[in-house]
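Work through the exercises below with the sequence and the model side by side. Try each task before reading its solution.

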Amino acid sequence: MRPVLRALAVLAAALALPGPLAAEAVALRHSPWLALRFEQGGAEVPLANTDLLRSEVTLARAPFTIVLPVRGADDTYMIAGWTDEGIFTAAKASARAGPEPLTELPPYFREGTGMADTAAGSGVLMLNAEGHNHLYGLRLGPDYYRHAVSFSAIGSHDANGDWRETPISAAKGPVYLVAWFDEDADGIMRHGEFEFLVLNFR
């Protein structure tokens, strides 16, 4: 009887452990709402779902790719990025889940807040609490059958207001992202059309 009790105690202790064990138990190949995937060095990087809307991914300090589902001919994804969780708070997620969802967009998704980039994307993940990476056409990658956006640097304004681009190899994290795909094209950011992502660099 004692060996059984000892085994149960060990099992209970293992289940109570925080950290990697818990993350491994909820590992995902893609994010739960928009089905975004991450790739690095030619391999998929799993995500850990930490709550209903939030997933985390741990990346090496090297270029990485976000793979987004192909939904139609005119797909447009919007990804806002920032250096703290305030970007999640600005989304007011609970107010977007009801039968009459909040119609006001967070500041980084309002009209005219798409940040300027090259026609086919520069490889810079731009961070701005009042702007977003507007991904459509060639910015979603050169292959019509696969949306794959690769990033090799992170861009943001420094304390003096000057724009700086830092290679991923020197990235400091985490980076917080809000991704939105306006599925019904009504301009309302509804529950099920967006999610939160945290990029951790090791």
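The exercises go from the whole chain to its sheets, its cores and one residue.

**Exercise 1. The chain as a whole**

Task: Find how many helices and strands the protein chain has, and what percentage of its residues count as buried.

Solution.
- Step 1. The model is predicted, and the mean pLDDT of the protein chain is 88, with 88% of the residues at 70 or more. Residues 1-25 have a pLDDT below 50, and beyond near neighbours in sequence this stretch has 2 contacts in the model.
- Step 2. Counting elements in the protein chain gives 3 helices and 14 strands.
- Step 3. The protein chain has 202 residues, of which 38% count as buried.
- Step 4. The accessible surface of the protein chain is about 11,100 Å², and carbon and sulfur atoms hold 57% of that area.
- Step 5. Among contacts in the protein chain with a separation of 6 or more, 60% are between residues 24 or more positions apart.

**Exercise 2. The sheet of 4 strands**

Task: Give the order of the strands in the open sheet of 4 strands and name its edge strands.

Solution.
- Step 1. The order is β3-β2-β6-β10, and the pairing is antiparallel.
- Step 2. β3 (43-45) and β10 (147-151) each pair on one side only, which makes them the edge strands.
- Step 3. From one strand to the next, the twist averages 35 degrees.
- Step 4. β6 (residues 64-68) runs antiparallel to β10 and is joined to it by 5 bridges. One pair to look up is Ile66 with its bridge partner Val149 in β10.

**Exercise 3. The sheet of 3 strands**

Task: Describe the open sheet of 3 strands and the hairpin formed by β11 and β12.

Solution.
- Step 1. The strands of this sheet lie in the order β8-β11-β12, with mixed pairing.
- Step 2. Its edge strands, each paired on one side only, are β8 (124-126) and β12 (163-167). The twist here averages 30 degrees from one strand to the next.
- Step 3. Between β11 (residues 153-157) and β12 there are 5 bridges, and the two run antiparallel. Ile154 has Thr166 as its bridge partner in β12, while Gly155 has Glu165.
- Step 4. In the hairpin, 5 residues separate β11 from β12, and Gly161 in the turn has a positive phi of about 85 degrees.

**Exercise 4. The nonpolar cores**

Task: Which residues touch the most other members of the largest nonpolar core?

Solution.
- Step 1. This core has 28 residues, and those touching the most other members are Phe38, Phe64, Ile66, Leu199 and Phe201.
- Step 2. Two or more core residues come from each of β5 (54-59), β6, β7 (76-82), β10, β13 (175-180) and β14 (194-201).
- Step 3. Take Phe38: leaving aside neighbours within four places in sequence, its contacts include Phe64, Ile66, Leu197 and Leu199.
- Step 4. Another core, of 17 residues, lies apart from the largest one; Phe109, Val178, Trp180 and Phe196 are among its members.

**Exercise 5. Asn133**

Task: Is Asn133 buried or exposed?

Solution.
- Step 1. Locate Asn133 in strand β9 (residues 133-136).
- Step 2. The relative accessible area of Asn133 is 3%. The cut-off for buried is under 20%, so Asn133 is buried.
- Step 3. Not counting residues up to four places away in sequence, Asn133 touches Tyr77, Met78, Ile79, Met115, Val124, Leu125 and Met126.
- Step 4. Asn133 and Ala179 are 46 residues apart in sequence, and their C-alpha atoms are 9.5 Å apart in space.

Definitions and conventions
Residues numbered from 1 in each chain as written. Predicted model: local features only at pLDDT ≥ 70, side-chain atom pairs only at ≥ 80, totals over all residues. Heavy atoms only, no water. Pairing = 2+ DSSP bridges. Axes fitted to C-alpha atoms, helices over the stretch in contact; angles between N-to-C directions. pLDDT = per-residue confidence, 0-100. Contact = heavy atoms within 4.5 Å. Core = buried A, V, L, I, M, F, W, Y, C linked by side-chain atoms within 4.5 Å. Buried < 20%, exposed > 50% of the residue type's maximum accessible area, 1.4 Å probe, protein only. Areas by Shrake-Rupley, 256 points an atom, 1.4 Å probe, with all protein chains shown as cover.
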